[in-house]
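Welcome, and please open your viewer before reading on. We will move from one selection to the next, with a short stop at each.

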Amino acid sequence: MAPCVDHYRVLGVSPTASADEIRRAYRQAVHRHHADRHPDDAAAVERTRAIVAARDVLCDPWKRARFDMIRALQPRDAFR
């Protein structure tokens, strides 16, 4: 089984972060890692995609609740 992505870790916020904290962390992370700022770095595109995916999950209350439930059921080492 492939490790799951910990969206909280991707954005650098705690699981108790508010929607405003998540939005702020998203803006900072996407600004810092955006592919346009790192044109020679092929991994920048993947980092930006992971940041956007994390924001999409954590800003939607239904998706976040489902992610939190899955996260609670998985062992800690299942997340990267």
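Where is the place of Asp60? Select Asp60 and you will find yourself in the loop between α3 and α4. Keep in mind throughout that this is a predicted model. Asp60 counts as partly exposed, because its relative accessibility is 26% and the partly exposed class runs from 20% to 50%. Now add Ala19 to the selection: Asp60 and Ala19 are 41 residues apart in sequence, yet their C-alpha atoms are 9.1 Å apart in space.

**The whole fold**

Zoom out and switch to a cartoon view. The protein has four helices and zero strands, so the pattern read along the sequence is α-α-α-α. If you draw a box around the C-alpha atoms along the principal axes, its sides are roughly 40 × 30 × 15 Å. Next, colour by accessibility. Of the 80 residues, 28% count as buried. The exposed area of the protein is about 5600 Å², and carbon and sulfur atoms supply 55% of it.

Colouring by charge gives another view: there are 15 positive and 11 negative side chains. The centres of these two sets lie 3 Å apart. If you draw contacts between residues at least 6 apart in sequence, 58% of them join residues at least 24 apart.

**The nonpolar core**

Which residues have the most contacts inside the largest nonpolar core? Select Leu11, Val13, Ile22, Ile51 and Leu58, and show their side chains. The core they belong to has 14 residues. At least two core residues come from each of α1 (7–11), α2 (19–33) and α3 (43–59). The largest share, five residues, is supplied by α2. As a general point, nonpolar side chains in soluble globular proteins tend to be buried together.

Stay with Ile22 for a moment and display what surrounds it. Setting aside neighbours within four places in sequence, Ile22 is in contact with Leu11, Val13, Ala17, Leu58, Cys59 and Arg64. Three of these names may look familiar: Leu11, Val13 and Leu58 are among the core residues with the most contacts.

**The salt bridges**

How many salt bridges does a search of the whole structure find? The search finds four, and we will visit some of them.

Begin with Asp6 and Arg71, whose side chains meet at 3.4 Å, N to O. This pair links distant parts of the chain: Asp6 sits in the segment before α1, while Arg71 belongs to helix α4 (residues 61–73), 65 residues away. Are these two partners buried or exposed? Asp6 is buried, because its relative accessibility is 6% and the limit for buried is under 20%. Arg71 is buried too, because its relative accessible area of 16% falls under that limit.

Move on to helix α2 and select Asp20 and Arg23. Their side chains form a salt bridge at 2.7 Å, N to O. The two residues are three apart in the helix, about one turn. Asp20 is partly exposed at 46% relative accessibility, and Arg23 is partly exposed at 35%. While Asp20 is selected, add Asp36: these residues are 16 apart along the chain, and their C-alpha atoms are separated by 25 Å.

For another pair, select Arg55 and Asp56, whose side chains meet in a salt bridge of 3.0 Å, N to O. Arg55 has 24% relative accessibility and counts as partly exposed. Asp56, with a relative accessible area of 36%, is partly exposed as well.

**A last stop at Pro15**

Finally, select Pro15 in the loop between α1 and α2. Pro15 counts as partly exposed, with a relative accessibility of 40%. What does Pro15 touch, not counting residues up to four places away in sequence? Show the side chains of Tyr8, Arg64 and Arg71 to see its contacts. You have met two of these already: Arg64 is in contact with Ile22, and Arg71 forms the salt bridge with Asp6. To finish, add Asp68, which is 53 residues from Pro15 along the chain, with 8.2 Å between the two C-alpha atoms.

Note on methods:
Residues numbered from 1 in each chain as written. Predicted model: local features only at pLDDT ≥ 70, side-chain atom pairs only at ≥ 80, totals over all residues. Heavy atoms only, no water. Buried < 20%, exposed > 50% of the residue type's maximum accessible area, 1.4 Å probe, protein only. Contact = heavy atoms within 4.5 Å. Areas by Shrake-Rupley, 256 points an atom, 1.4 Å probe, with all protein chains shown as cover. Lys, Arg positive; Asp, Glu negative; His and termini not counted. Charge placed at Lys NZ, Arg CZ, Asp CG, Glu CD. Core = buried A, V, L, I, M, F, W, Y, C linked by side-chain atoms within 4.5 Å.
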